[in-house]
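Biologist: I'd like to go through this one with you and hear how each label was earned. Could you show me first?

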Amino acid sequence: MFSRRGFLGTAALAGASAISGRVQAASIPEAPTMDKVVMQPPLHPTSGPDYRPVVTLNGWSLPFRMNGDWKEFHLVAEPVVREFAEGMKVNLWGYNGQSPGPTIETVEGDKLRIFVTNRLPEYTTVHWHGMIIPSGMDGVGGLTQPHIQPGKTFVYEFEMKKSGTFMYHPHSDEMVQMAMGMMGMVVVHPRDQSFRPVDRDFVFVMSTYRVDPGTYLPHVNEMTDFNMWTWNARVFPGIDPLPVRLGDKVRVRIGNLSMTNHPIHLHGHSFAVTCTDGGWIPESAQIPETTTDVPVGAVRVFDVLADNPGDWAFHCHKSHHTMNAMGHDVRNLIGVSRKDLAKAVGKLAPDGMAMGSTGMAMGNMEMPTPDNTLPMMTGTGQFGPIEMGGMFTVMKIREDLARDDYRDPGPYKFPQGTVAYEVTAPAAEPARQKPGSPPMKNMKM
Ligand SMILES: [Cu+2]
């Protein structure tokens with residue numbers, strides 16, 4: 001999983017010692033890097049205060065080392081290749097081998113020292129979104145610090161004043177760098193382990209890209225017309241499922257660094273939003289929800305009791321956000337006679353294909369796509385095509401999962417007689433009121 005690279009080259013050392021007199025050059029920690037795009041097992045702390053670690057969908061937590069009473073991390077900003085799902089790879093910028101960067105996990109009251117080495121072709125900074133830290137550590141290039149030039153290493157030092165869920169991203173050529181995927185999550189565990197504990201704790205950040213079919217690079221100037229709607233830079237069916245043991249208390253932490261809001265919906269349960277990037281919500285102020293809107297530049301965390309076994313869809317409720325690229329310009333042909341349409345299209349384009357006169361269900365249709373392009377609607381379940389893409393995955397609630405087992409348990413084995421089924425008996429004529437007839441019995445008018 002982790003591999004280690006020699007980032008301790010003379011250039012990086014000189015950069016660090018030039019910037020912070022408080023840190024000796026020789027003390028820069030190694031920078032672990034990740035070559036996998038699937039969820040890594042929770043990283044239990046081996047030093048410092050204890051906590052129950054999170055797992056990052058299609059991601060990982062950054063290992064740290066203790067140096068006296070400082071917890072030290074090393075982020076490396078660099079170009080990466082990220083697979084959105086099998087069949088599509090995109091050239092992005094990220095941290096330590098992947099985009100988004102690794103999750104930084106720490107504990108309330110910890111003293112953090114985060115080294116940031118810039119391997120990008122332009123300068124950068126890291127802003128710590130939502131954290132209460134000294135102004136000079138806030139990472140706004142030009143305003144609170146000089147930009148970190150390519151090849152240089154800067155150090156951020158602050159104390160984690162409060163627990164919660166936060167984000168990190170550049171505040172330096174921000175539009176380009178965020179459109180290229182530079183972001184990550186920060187989880188600060190409460191020092192008091194009895195404060196709202198959960199059995200499973202998931203985290204991911206939402207980002208969007210416009211990658212034209214057949215290409216490999218996002219349009220960084222795009223404002224509104226995105227076509228790849230991602231959770232941790234993955235789209236369905238590439239997003240990890242959320243395996244959960246029946247009866248587990250589950251926490252899901254969601255950051256949004258895209259350009260629009262995402263109403264996130266979980267089937268089969270009601271949950272409560274318990275935390276934002278501003279802090280914990282008192283129990284008396286929590287309301288039951290099945291969908292929660294995650295605004296731009298915000299974090300929403302919900303807790304849910306997984307008391308309903310099954311395969312539960314978990315997705316953004318904007319239907320275009322559960323689709324992959326292509327197809328948004330297709331005309332609505334519902335109700336159009338397929339025969340007449342085929343004739344008309346045939347005259348204009350002999351190889352043309354008339355499609356979708358009864359809807360756009362594509363389960364039985366194979367369409368050729370350009371290289372490096374995913375189908376618009378895809379995925380197959382045990383009963384047939386799922387026809388989703390983008391921000392969609394499944395919470396899989398099972399009786400027989402072990403603690404800390406986050407492997408995909410496969411499709412749900414539905415107990416006999418619990419699945420919606422076809423009836424073949426003729427439907428009885430329902431009683432309907434005909435226009436002009438006297439009111440039916442029992443009907444108040
Ligand atoms: Cu959405």
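Modeller: The average pLDDT of the protein chain is 88, and 84% of the residues score at least 70; pLDDT is the predictor's confidence in each residue, from 0 to 100. This is a predicted model, where local features need pLDDT of at least 70 and side-chain atom pairs count only at pLDDT 80 or more, while totals for chains, interfaces and linings use all residues. Residues are numbered from 1 along each chain as its sequence is written.

Biologist: Over which residues does pLDDT stay under 50?

Modeller: That's residues 5–21, for which the model has 27 contacts beyond four places in sequence. A contact here is two C-beta atoms, placed from the backbone, within 7 Å. Where pLDDT is low, the predicted coordinates should not be read in detail.

Biologist: What makes up the protein chain in terms of helices and strands?

Modeller: There are 3 helices and 26 strands. Those are DSSP runs, numbered from the N terminus: helices are H or I with at least four residues, strands are E with at least two.

Biologist: Why is Q98 called buried or exposed?

Modeller: Buried means 20 or more other C-beta atoms within 10 Å of a residue's own, exposed means 12 or fewer, and partly exposed is in between, with C-beta atoms placed from the backbone. Q98 has 26 C-beta neighbours inside 10 Å, so Q98 counts as buried. Q98 sits in the loop between β6 and β7, and touches M34, G59, V80 and R82, leaving out residues up to four places away in sequence. Q98 and D35 are 63 residues apart in sequence, yet 7.3 Å apart in space, C-alpha to C-alpha.

Biologist: And L217, buried or exposed?

Modeller: L217 has 12 other C-beta atoms within 10 Å, so L217 is exposed. L217 is also in a loop, the one between β13 and β14.

Biologist: How do you know that β11 is largely enclosed?

Modeller: 6 of the 6 residues of β11 (residues 164–169) are buried, so the rest of the structure largely encloses this strand. Both faces are covered: G164, F166 and Y168 are buried on one side, T165, M167 and H169 on the other.

Biologist: What makes β9 and β11 a pair?

Modeller: Two strands pair if DSSP finds at least two bridges between them. β9 and β11 are joined by 3 bridges, so they pass, and they run antiparallel. H127 stands opposite H169 there. On to β12: 5 bridges join β11 to β12, again antiparallel, with Y168 opposite G184.

Biologist: Why is the pairing in that sheet called mixed?

Modeller: The open sheet of 4 strands has the order β7-β12-β11-β9. The edge strands are β7 and β9, each pairing on one side only. Strands of a sheet pair through backbone hydrogen bonds, either parallel or antiparallel. β7 and β12 run parallel, joined by 4 bridges, whereas β11 and β12 run antiparallel, hence mixed pairing. In the parallel pair, T106 stands opposite V188.

Biologist: Which residues touch the most other members of the largest nonpolar core?

Modeller: V116, M167 and V186, out of 92 residues in that core. Strand β5 gives the most to this core, with 7 residues. A nonpolar core is a set of buried Ala, Val, Leu, Ile, Met, Phe, Trp, Tyr and Cys residues joined through C-beta atoms within 7 Å. Leaving aside neighbours within four places in sequence, the contacts of V116 include L75, A77, V126 and I148.
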